Amino acid sequence: MDQIVISGGARLNGVIPISGAKNSALKLMAAALLSDEPLTLTNMPHLADTRFMAGLMETLGVRIEWVKEASVASFHAPEIASTIAPYDLVRKMRASFNVLGPLLARVGHATVSLPGGCAIGARPVNLHLKAFEAMGADIHIERGYVKAAALRGLKGAEISFPFVSVGATEHAMLAATLADGVTVLSNAAQEPEIGDLAACLNAMGADVRGAGTATIEIHGKTRLGGATHHVIADRIEAGTYAIAAAAAGGKVFLKGARADDLQALIGFLTDAGATVATSVEGIEVARGPGRLSPVSFDTAPHPGFPTDLQAQAMALLTTADGDSVIRETIFENRFMHAPELARLGADISVRGAEAQVRGVPTLFGAPVMATDLRASVSLVIAGLMAEGVTRIARVYHLDRGFERLEAKLAACGGQVKRTKDGAPEPATEDAA
Ligand code: EPZ
(Lines give C-alpha, C1' and ligand atoms only; values in the text may rest on other atoms or scores of the structure.)
Protein backbone atom coordinates (compact mmCIF):
# COMPACT_ATOMS: atom_id res chain seq x y z
CA MET A 1 0.00 0.00 0.00
CA ASP A 2 1.17 3.51 -0.76
CA GLN A 3 1.78 6.08 1.94
CA ILE A 4 2.29 9.82 1.65
CA VAL A 5 5.21 11.04 3.74
CA ILE A 6 5.42 14.75 4.52
CA SER A 7 8.23 16.64 6.23
CA GLY A 8 6.42 19.67 7.57
CA GLY A 9 7.52 23.27 7.84
CA ALA A 10 8.41 24.13 4.23
CA ARG A 11 6.68 27.17 2.77
CA LEU A 12 4.98 26.82 -0.61
CA ASN A 13 6.09 29.12 -3.41
CA GLY A 14 5.28 28.68 -7.09
CA VAL A 15 2.55 27.84 -9.56
CA ILE A 16 0.05 24.98 -9.33
CA PRO A 17 -1.95 24.19 -12.49
CA ILE A 18 -5.54 23.26 -11.65
CA SER A 19 -6.96 20.15 -13.36
CA GLY A 20 -10.44 19.56 -14.76
CA ALA A 21 -13.14 19.02 -12.14
CA LYS A 22 -13.70 15.42 -11.05
CA ASN A 23 -17.29 16.05 -10.01
CA SER A 24 -18.07 17.63 -13.36
CA ALA A 25 -16.20 15.08 -15.48
CA LEU A 26 -18.05 12.12 -13.96
CA LYS A 27 -21.49 13.50 -14.93
CA LEU A 28 -20.24 14.71 -18.33
CA MET A 29 -19.08 11.16 -19.03
CA ALA A 30 -22.59 9.91 -18.19
CA ALA A 31 -23.98 12.44 -20.71
CA ALA A 32 -22.21 10.52 -23.51
CA LEU A 33 -24.80 7.75 -23.02
CA LEU A 34 -27.50 10.11 -24.32
CA SER A 35 -26.18 10.22 -27.88
CA ASP A 36 -25.06 7.81 -30.59
CA GLU A 37 -22.43 10.34 -31.64
CA PRO A 38 -19.08 10.90 -29.88
CA LEU A 39 -18.70 13.29 -26.95
CA THR A 40 -15.13 14.56 -26.64
CA LEU A 41 -14.09 16.03 -23.29
CA THR A 42 -10.96 18.17 -23.06
CA ASN A 43 -9.26 19.10 -19.75
CA MET A 44 -10.24 15.62 -18.49
CA PRO A 45 -8.71 14.85 -15.09
CA HIS A 46 -6.86 11.54 -14.99
CA LEU A 47 -7.98 10.12 -11.65
CA ALA A 48 -8.93 6.80 -10.13
CA ASP A 49 -12.59 7.90 -10.24
CA THR A 50 -12.61 8.92 -13.91
CA ARG A 51 -10.83 5.66 -14.82
CA PHE A 52 -13.38 3.80 -12.79
CA MET A 53 -16.30 5.54 -14.49
CA ALA A 54 -14.68 4.79 -17.85
CA GLY A 55 -14.64 1.09 -16.91
CA LEU A 56 -18.37 1.16 -16.18
CA MET A 57 -19.11 3.06 -19.40
CA GLU A 58 -17.24 0.38 -21.37
CA THR A 59 -19.40 -2.35 -19.86
CA LEU A 60 -22.45 -0.37 -21.07
CA GLY A 61 -21.07 -0.31 -24.64
CA VAL A 62 -19.24 3.01 -24.76
CA ARG A 63 -16.07 3.11 -26.87
CA ILE A 64 -13.42 5.25 -25.24
CA GLU A 65 -10.32 6.85 -26.67
CA TRP A 66 -8.27 8.58 -24.03
CA VAL A 67 -5.12 10.56 -24.81
CA LYS A 68 -3.99 10.98 -21.22
CA GLU A 69 -1.00 13.24 -21.87
CA ALA A 70 -3.33 15.67 -23.65
CA SER A 71 -6.15 15.26 -21.08
CA VAL A 72 -8.59 14.51 -23.90
CA ALA A 73 -11.08 11.66 -23.85
CA SER A 74 -13.68 10.72 -26.39
CA PHE A 75 -16.78 8.67 -25.48
CA HIS A 76 -18.84 7.06 -28.22
CA ALA A 77 -21.98 5.01 -27.56
CA PRO A 78 -23.38 4.10 -31.01
CA GLU A 79 -25.40 1.43 -29.22
CA ILE A 80 -26.10 0.57 -25.61
CA ALA A 81 -24.71 -2.93 -25.03
CA SER A 82 -25.98 -3.36 -21.47
CA THR A 83 -28.38 -1.47 -19.21
CA ILE A 84 -27.11 -2.99 -15.97
CA ALA A 85 -24.76 -1.26 -13.52
CA PRO A 86 -23.75 -3.91 -10.99
CA TYR A 87 -23.33 -3.52 -7.22
CA ASP A 88 -19.56 -3.96 -7.23
CA LEU A 89 -19.14 -0.98 -9.54
CA VAL A 90 -21.73 1.37 -7.99
CA ARG A 91 -20.67 0.58 -4.40
CA LYS A 92 -17.10 1.59 -5.16
CA MET A 93 -18.03 4.87 -6.77
CA ARG A 94 -21.40 6.46 -6.07
CA ALA A 95 -21.30 8.80 -9.06
CA SER A 96 -21.73 5.72 -11.27
CA PHE A 97 -25.39 5.69 -10.12
CA ASN A 98 -25.78 8.63 -12.53
CA VAL A 99 -25.86 6.30 -15.54
CA LEU A 100 -29.43 5.35 -14.60
CA GLY A 101 -31.08 8.53 -15.95
CA PRO A 102 -29.29 8.60 -19.31
CA LEU A 103 -29.96 4.88 -19.89
CA LEU A 104 -33.62 5.31 -18.99
CA ALA A 105 -33.93 8.32 -21.28
CA ARG A 106 -32.15 6.69 -24.22
CA VAL A 107 -33.39 3.08 -24.17
CA GLY A 108 -36.36 3.18 -21.78
CA HIS A 109 -35.03 0.93 -19.02
CA ALA A 110 -32.09 0.38 -16.68
CA THR A 111 -31.11 -1.73 -13.70
CA VAL A 112 -28.65 0.02 -11.43
CA SER A 113 -27.48 -1.02 -7.99
CA LEU A 114 -28.39 1.22 -5.06
CA PRO A 115 -25.12 2.77 -3.92
CA GLY A 116 -25.61 2.27 -0.16
CA GLY A 117 -24.10 4.49 2.53
CA CYS A 118 -20.49 5.63 2.68
CA ALA A 119 -17.86 7.13 4.96
CA ILE A 120 -19.54 10.56 5.18
CA GLY A 121 -23.22 9.63 5.59
CA ALA A 122 -26.24 7.54 4.59
CA ARG A 123 -26.64 9.34 1.25
CA PRO A 124 -29.99 8.04 -0.02
CA VAL A 125 -31.06 8.50 -3.66
CA ASN A 126 -34.78 9.05 -3.00
CA LEU A 127 -34.80 12.47 -4.70
CA HIS A 128 -33.29 10.98 -7.87
CA LEU A 129 -35.94 8.27 -7.97
CA LYS A 130 -38.83 10.65 -7.22
CA ALA A 131 -37.72 12.83 -10.12
CA PHE A 132 -37.79 9.87 -12.53
CA GLU A 133 -41.21 8.81 -11.21
CA ALA A 134 -42.49 12.35 -11.81
CA MET A 135 -41.25 11.95 -15.39
CA GLY A 136 -43.38 8.82 -15.77
CA ALA A 137 -40.88 6.06 -15.00
CA ASP A 138 -41.87 2.91 -13.09
CA ILE A 139 -39.35 2.37 -10.33
CA HIS A 140 -38.99 -0.83 -8.32
CA ILE A 141 -36.32 -1.76 -5.85
CA GLU A 142 -35.47 -5.45 -5.97
CA ARG A 143 -32.63 -7.12 -4.11
CA GLY A 144 -30.64 -3.92 -3.80
CA TYR A 145 -31.17 -2.85 -7.40
CA VAL A 146 -33.24 -0.02 -8.84
CA LYS A 147 -35.22 -1.33 -11.80
CA ALA A 148 -36.48 1.61 -13.80
CA ALA A 149 -38.64 1.52 -16.92
CA ALA A 150 -40.25 4.13 -19.15
CA LEU A 151 -40.92 2.06 -22.21
CA ARG A 152 -42.91 4.77 -23.98
CA GLY A 153 -40.29 7.38 -23.04
CA LEU A 154 -39.97 9.93 -20.24
CA LYS A 155 -42.37 12.88 -20.02
CA GLY A 156 -41.51 16.44 -19.05
CA ALA A 157 -42.56 17.23 -15.46
CA GLU A 158 -42.53 19.90 -12.75
CA ILE A 159 -40.12 18.69 -10.07
CA SER A 160 -39.67 20.64 -6.86
CA PHE A 161 -36.83 19.33 -4.72
CA PRO A 162 -37.56 19.51 -0.95
CA PHE A 163 -33.88 20.39 -0.36
CA VAL A 164 -30.90 21.03 -2.57
CA SER A 165 -29.19 17.98 -4.07
CA VAL A 166 -26.36 18.29 -6.58
CA GLY A 167 -26.66 14.70 -7.74
CA ALA A 168 -30.46 14.70 -8.10
CA THR A 169 -30.41 18.01 -10.02
CA GLU A 170 -27.77 16.72 -12.45
CA HIS A 171 -29.43 13.35 -12.81
CA ALA A 172 -32.89 14.79 -13.54
CA MET A 173 -31.32 17.28 -15.97
CA LEU A 174 -29.55 14.51 -17.90
CA ALA A 175 -32.71 12.43 -18.26
CA ALA A 176 -34.98 15.40 -19.09
CA THR A 177 -32.95 16.32 -22.18
CA LEU A 178 -34.60 13.39 -24.04
CA ALA A 179 -38.04 13.60 -22.36
CA ASP A 180 -41.19 14.52 -24.25
CA GLY A 181 -42.02 18.10 -23.24
CA VAL A 182 -40.69 20.61 -20.75
CA THR A 183 -39.22 19.74 -17.34
CA VAL A 184 -38.91 22.40 -14.67
CA LEU A 185 -36.62 21.76 -11.71
CA SER A 186 -37.29 24.02 -8.70
CA ASN A 187 -34.94 24.39 -5.73
CA ALA A 188 -32.24 23.07 -8.06
CA ALA A 189 -28.59 22.97 -6.98
CA GLN A 190 -26.52 25.92 -8.26
CA GLU A 191 -23.02 24.41 -8.10
CA PRO A 192 -20.69 25.38 -10.98
CA GLU A 193 -20.67 21.73 -12.10
CA ILE A 194 -24.39 22.08 -12.91
CA GLY A 195 -23.63 24.98 -15.26
CA ASP A 196 -20.84 22.93 -16.84
CA LEU A 197 -23.15 19.98 -17.44
CA ALA A 198 -25.83 22.27 -18.94
CA ALA A 199 -23.24 23.83 -21.28
CA CYS A 200 -22.13 20.40 -22.46
CA LEU A 201 -25.70 19.15 -22.94
CA ASN A 202 -26.57 22.30 -24.90
CA ALA A 203 -23.50 21.75 -27.09
CA MET A 204 -24.93 18.27 -27.78
CA GLY A 205 -28.17 19.91 -28.96
CA ALA A 206 -30.17 19.93 -25.72
CA ASP A 207 -32.16 22.96 -24.57
CA VAL A 208 -31.34 23.58 -20.90
CA ARG A 209 -32.08 27.05 -19.49
CA GLY A 210 -31.38 28.61 -16.10
CA ALA A 211 -28.54 26.32 -14.91
CA GLY A 212 -26.74 28.11 -12.07
CA THR A 213 -30.04 29.43 -10.69
CA ALA A 214 -32.60 27.67 -8.48
CA THR A 215 -34.94 27.03 -11.42
CA ILE A 216 -33.82 25.01 -14.42
CA GLU A 217 -36.01 24.47 -17.46
CA ILE A 218 -35.24 21.65 -19.88
CA HIS A 219 -37.05 21.47 -23.22
CA GLY A 220 -36.81 17.82 -24.27
CA LYS A 221 -35.44 16.80 -27.69
CA THR A 222 -35.92 13.59 -29.67
CA ARG A 223 -32.17 13.09 -30.01
CA LEU A 224 -28.84 14.62 -29.02
CA GLY A 225 -25.71 14.76 -31.16
CA GLY A 226 -21.99 14.76 -30.50
CA ALA A 227 -19.95 17.65 -29.12
CA THR A 228 -16.57 18.74 -27.82
CA HIS A 229 -16.61 20.24 -24.35
CA HIS A 230 -13.89 21.63 -22.04
CA VAL A 231 -14.27 20.39 -18.45
CA ILE A 232 -14.47 23.25 -15.94
CA ALA A 233 -11.51 23.78 -13.55
CA ASP A 234 -11.79 21.82 -10.31
CA ARG A 235 -12.85 24.35 -7.67
CA ILE A 236 -12.28 21.85 -4.87
CA GLU A 237 -8.74 21.07 -6.02
CA ALA A 238 -8.09 24.82 -6.37
CA GLY A 239 -9.63 25.52 -2.96
CA THR A 240 -7.54 22.76 -1.39
CA TYR A 241 -4.25 24.22 -2.66
CA ALA A 242 -5.41 27.72 -1.70
CA ILE A 243 -5.90 26.48 1.86
CA ALA A 244 -2.57 24.60 1.72
CA ALA A 245 -0.76 27.82 0.72
CA ALA A 246 -2.43 29.78 3.52
CA ALA A 247 -1.65 26.98 5.99
CA ALA A 248 2.00 26.45 5.04
CA GLY A 249 2.78 30.09 4.23
CA GLY A 250 4.45 31.44 1.09
CA LYS A 251 2.85 32.51 -2.18
CA VAL A 252 1.15 30.21 -4.68
CA PHE A 253 -0.56 30.98 -7.98
CA LEU A 254 -3.39 28.59 -8.82
CA LYS A 255 -3.37 28.62 -12.60
CA GLY A 256 -6.78 28.19 -14.15
CA ALA A 257 -8.72 28.46 -10.85
CA ARG A 258 -11.98 30.38 -11.21
CA ALA A 259 -12.52 32.99 -8.49
CA ASP A 260 -16.25 33.21 -9.26
CA ASP A 261 -16.67 29.59 -8.15
CA LEU A 262 -14.77 30.11 -4.88
CA GLN A 263 -16.19 33.30 -3.35
CA ALA A 264 -17.06 31.69 0.01
CA LEU A 265 -13.56 30.23 0.33
CA ILE A 266 -11.90 33.50 -0.67
CA GLY A 267 -13.91 35.26 2.08
CA PHE A 268 -12.83 32.59 4.57
CA LEU A 269 -9.13 32.86 3.69
CA THR A 270 -9.21 36.65 3.82
CA ASP A 271 -10.94 36.58 7.23
CA ALA A 272 -8.25 34.16 8.42
CA GLY A 273 -5.54 36.64 7.41
CA ALA A 274 -4.28 35.33 4.06
CA THR A 275 -3.99 37.62 1.03
CA VAL A 276 -5.95 36.56 -2.03
CA ALA A 277 -5.64 38.20 -5.46
CA THR A 278 -7.81 37.05 -8.36
CA SER A 279 -7.57 37.45 -12.12
CA VAL A 280 -8.94 35.72 -15.21
CA GLU A 281 -5.81 33.55 -15.26
CA GLY A 282 -6.23 32.24 -11.72
CA ILE A 283 -5.99 32.94 -8.01
CA GLU A 284 -2.91 33.91 -5.98
CA VAL A 285 -2.83 33.10 -2.27
CA ALA A 286 -0.14 34.45 0.03
CA ARG A 287 0.48 34.35 3.73
CA GLY A 288 3.18 36.05 5.75
CA PRO A 289 4.56 35.17 9.20
CA GLY A 290 2.41 35.08 12.33
CA ARG A 291 -0.63 33.03 13.27
CA LEU A 292 -3.87 33.10 11.32
CA SER A 293 -7.14 34.28 12.88
CA PRO A 294 -9.91 31.86 13.84
CA VAL A 295 -12.97 31.81 11.52
CA SER A 296 -16.32 30.13 12.16
CA PHE A 297 -18.45 28.92 9.27
CA ASP A 298 -21.29 26.63 8.21
CA THR A 299 -21.08 24.46 5.12
CA ALA A 300 -23.96 25.10 2.68
CA PRO A 301 -24.97 24.45 -0.92
CA HIS A 302 -23.31 26.73 -3.49
CA PRO A 303 -22.67 29.66 -3.25
CA GLY A 304 -22.17 28.81 0.45
CA PHE A 305 -19.01 27.26 1.90
CA PRO A 306 -18.52 23.86 0.17
CA THR A 307 -18.68 20.75 2.31
CA ASP A 308 -15.87 19.38 0.11
CA LEU A 309 -13.50 22.02 1.58
CA GLN A 310 -14.62 21.68 5.20
CA ALA A 311 -11.94 19.18 6.24
CA GLN A 312 -9.17 21.23 4.63
CA ALA A 313 -10.41 24.42 6.33
CA MET A 314 -10.50 22.59 9.65
CA ALA A 315 -6.85 21.58 9.21
CA LEU A 316 -5.91 25.23 8.64
CA LEU A 317 -7.85 26.41 11.73
CA THR A 318 -6.08 23.95 14.06
CA THR A 319 -3.22 26.45 14.51
CA ALA A 320 -5.27 29.68 14.36
CA ASP A 321 -4.91 32.11 17.22
CA GLY A 322 -8.24 31.32 18.92
CA ASP A 323 -11.37 29.17 18.66
CA SER A 324 -13.43 28.45 15.54
CA VAL A 325 -16.75 26.65 15.23
CA ILE A 326 -17.57 24.64 12.09
CA ARG A 327 -21.11 23.42 11.38
CA GLU A 328 -21.46 20.70 8.75
CA THR A 329 -24.98 21.01 7.30
CA ILE A 330 -24.73 18.77 4.19
CA PHE A 331 -23.57 15.38 5.44
CA GLU A 332 -24.29 13.83 8.84
CA ASN A 333 -20.92 12.17 9.39
CA ARG A 334 -18.23 14.34 7.86
CA PHE A 335 -15.84 14.93 10.76
CA MET A 336 -13.87 11.68 10.50
CA HIS A 337 -10.71 13.72 9.98
CA ALA A 338 -11.04 15.37 13.43
CA PRO A 339 -9.61 12.44 15.45
CA GLU A 340 -6.77 12.07 12.92
CA LEU A 341 -5.96 15.80 13.16
CA ALA A 342 -5.97 15.32 16.95
CA ARG A 343 -3.16 12.75 16.49
CA LEU A 344 -1.06 15.66 15.22
CA GLY A 345 -1.88 17.70 18.34
CA ALA A 346 -5.03 19.53 17.18
CA ASP A 347 -7.59 20.37 19.86
CA ILE A 348 -11.02 19.63 18.36
CA SER A 349 -14.27 18.57 19.98
CA VAL A 350 -17.11 17.32 17.85
CA ARG A 351 -20.71 17.35 19.03
CA GLY A 352 -23.20 16.24 16.40
CA ALA A 353 -22.95 18.51 13.38
CA GLU A 354 -20.68 20.99 15.14
CA ALA A 355 -16.93 20.95 15.64
CA GLN A 356 -15.12 23.35 17.93
CA VAL A 357 -11.50 23.89 16.93
CA ARG A 358 -9.32 25.47 19.60
CA GLY A 359 -6.18 26.75 17.91
CA VAL A 360 -2.84 25.41 19.17
CA PRO A 361 0.54 27.03 18.44
CA THR A 362 1.99 24.02 16.57
CA LEU A 363 1.08 20.60 15.19
CA PHE A 364 3.55 17.70 15.41
CA GLY A 365 4.02 15.02 12.74
CA ALA A 366 2.55 11.54 13.40
CA PRO A 367 1.24 8.51 11.52
CA VAL A 368 -2.40 9.09 10.46
CA MET A 369 -5.01 7.35 8.36
CA ALA A 370 -7.24 8.74 5.62
CA THR A 371 -10.97 7.93 5.74
CA ASP A 372 -12.23 9.60 2.58
CA LEU A 373 -10.99 11.80 -0.23
CA ARG A 374 -11.31 15.24 1.35
CA ALA A 375 -10.38 13.98 4.83
CA SER A 376 -7.15 12.57 3.44
CA VAL A 377 -6.12 15.82 1.81
CA SER A 378 -6.85 17.68 5.05
CA LEU A 379 -4.19 15.46 6.61
CA VAL A 380 -1.76 16.45 3.85
CA ILE A 381 -2.39 20.12 4.71
CA ALA A 382 -1.91 19.43 8.42
CA GLY A 383 1.28 17.52 7.61
CA LEU A 384 2.64 20.54 5.71
CA MET A 385 2.00 22.71 8.80
CA ALA A 386 3.34 20.23 11.37
CA GLU A 387 6.82 20.03 12.84
CA GLY A 388 8.46 16.74 11.82
CA VAL A 389 7.26 13.85 9.68
CA THR A 390 3.64 12.84 9.01
CA ARG A 391 2.84 9.52 7.35
CA ILE A 392 -0.58 9.16 5.77
CA ALA A 393 -1.90 5.64 5.15
CA ARG A 394 -4.78 4.65 2.84
CA VAL A 395 -3.81 7.23 0.25
CA TYR A 396 -5.88 5.45 -2.40
CA HIS A 397 -8.61 7.86 -1.24
CA LEU A 398 -6.43 10.77 -2.44
CA ASP A 399 -5.91 9.19 -5.85
CA ARG A 400 -9.66 9.25 -6.46
CA GLY A 401 -9.71 13.03 -6.71
CA PHE A 402 -6.27 14.65 -6.84
CA GLU A 403 -4.17 14.43 -9.98
CA ARG A 404 -0.39 14.32 -9.31
CA LEU A 405 -0.81 15.75 -5.79
CA GLU A 406 2.78 15.09 -4.64
CA ALA A 407 4.24 16.51 -7.87
CA LYS A 408 2.13 19.66 -7.69
CA LEU A 409 3.06 20.34 -4.07
CA ALA A 410 6.72 19.35 -4.53
CA ALA A 411 7.01 21.81 -7.45
CA CYS A 412 6.23 24.57 -4.93
CA GLY A 413 8.74 23.34 -2.36
CA GLY A 414 6.47 21.04 -0.33
CA GLN A 415 8.36 18.08 1.13
CA VAL A 416 5.80 15.49 0.05
CA LYS A 417 6.72 11.99 -1.14
CA ARG A 418 4.93 8.75 -1.91
CA THR A 419 6.35 5.51 -0.59
CA LYS A 420 5.25 1.89 -1.03
CA ASP A 421 5.29 -0.70 1.72
CA GLY A 422 4.42 -3.59 -0.59
CA ALA A 423 1.06 -4.47 0.99
CA PRO A 424 -1.85 -4.76 -1.48
CA GLU A 425 -4.46 -1.98 -1.75
CA PRO A 426 -7.70 -3.00 0.01
CA ALA A 427 -11.11 -2.94 -1.70
CA THR A 428 -12.55 0.48 -0.97
CA GLU A 429 -15.87 2.16 -0.49
CA ASP A 430 -16.35 5.57 -1.87
CA ALA A 431 -17.37 8.98 -0.65
CA ALA A 432 -17.47 10.74 -4.00
C1 EPZ B 1 -22.02 15.70 -4.74
O2 EPZ B 1 -22.52 14.59 -4.05
C3 EPZ B 1 -20.52 15.54 -4.79
N4 EPZ B 1 -20.16 14.30 -5.50
C5 EPZ B 1 -19.94 15.51 -3.39
O6 EPZ B 1 -18.53 15.47 -3.48
C7 EPZ B 1 -20.35 16.80 -2.67
O8 EPZ B 1 -19.90 16.73 -1.33
C9 EPZ B 1 -21.86 16.97 -2.70
O10 EPZ B 1 -22.35 16.91 -4.06
C11 EPZ B 1 -22.34 18.27 -2.09
O12 EPZ B 1 -21.73 19.34 -2.72
C13 EPZ B 1 -20.16 14.28 -6.82
O14 EPZ B 1 -20.46 15.26 -7.50
C15 EPZ B 1 -19.70 13.02 -7.46
P16 EPZ B 1 -26.06 15.85 -2.76
P17 EPZ B 1 -24.08 14.27 -4.09
O18 EPZ B 1 -27.06 15.03 -3.49
O19 EPZ B 1 -24.65 14.70 -5.38
C20 EPZ B 1 -28.92 14.16 0.72
C21 EPZ B 1 -16.37 14.60 -3.04
O22 EPZ B 1 -15.62 14.56 -2.02
N23 EPZ B 1 -29.68 13.45 -0.32
O24 EPZ B 1 -26.02 17.32 -3.02
O25 EPZ B 1 -24.25 12.86 -3.67
C26 EPZ B 1 -27.49 13.63 0.88
O27 EPZ B 1 -27.47 12.47 1.68
C28 EPZ B 1 -17.85 14.31 -2.94
O29 EPZ B 1 -15.94 14.86 -4.17
C30 EPZ B 1 -30.84 12.78 0.01
O31 EPZ B 1 -31.26 12.73 1.18
O32 EPZ B 1 -24.60 15.25 -2.93
C33 EPZ B 1 -26.80 14.82 1.49
O34 EPZ B 1 -27.04 14.84 2.88
C35 EPZ B 1 -18.27 13.84 -1.59
N36 EPZ B 1 -31.55 12.16 -0.99
C37 EPZ B 1 -27.50 16.01 0.82
O38 EPZ B 1 -28.74 15.50 0.33
C39 EPZ B 1 -31.14 12.21 -2.29
O40 EPZ B 1 -31.81 11.62 -3.15
C41 EPZ B 1 -26.75 16.65 -0.34
O42 EPZ B 1 -26.29 15.62 -1.21
C43 EPZ B 1 -29.96 12.91 -2.62
C44 EPZ B 1 -29.24 13.53 -1.62
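Here are a few questions and answers about the pockets and overall build of this predicted model.

This is a predicted model, in which local features need pLDDT of at least 70, side-chain atom pairs count only at pLDDT 80 or more, and totals for chains, interfaces and linings use all residues. Residues are numbered from 1 along each chain as its sequence is written, and side-chain values use heavy atoms, with hydrogens and water left out.

Q: What radius of gyration does the protein have?
A: The radius is taken over C-alpha atoms, and the globule rule is 2.2 Å times the number of residues to the power 0.38. With 432 residues, a compact globule would come near 22 Å, which agrees with the protein's 21 Å.

Q: What percentage of the residues is buried?
A: Buried means under 20% relative accessible area (1.4 Å probe, protein chains only). Of the 432 residues in the protein, the buried share is 56%.

Q: Between which domains does the largest pocket lie?
A: Domain bounds come from an automatic or database domain assignment. A pocket here is an open set of points on a 1 Å grid over the protein atoms alone, where a 1.4 Å probe fits, with protein on both sides within 12 Å along at least five of seven lines; lining residues have an atom within 4 Å of a point. Both domains give residues to this lining, so the largest pocket lies between domain 1 (2-19 + 233-431) and domain 2 (22-230).

Q: Which residues are the closest to the centre of the second largest pocket?
A: This pocket has a volume (the space filled by probe spheres set on the points, joined across faces, edges and corners) of about 270 Å³. Among its 17 lining residues, the closest to the centre are Ala247, Arg287, Thr319, Pro361 and Met385.

Notes: Buried < 20%, exposed > 50% of the residue type's maximum accessible area, 1.4 Å probe, protein only.
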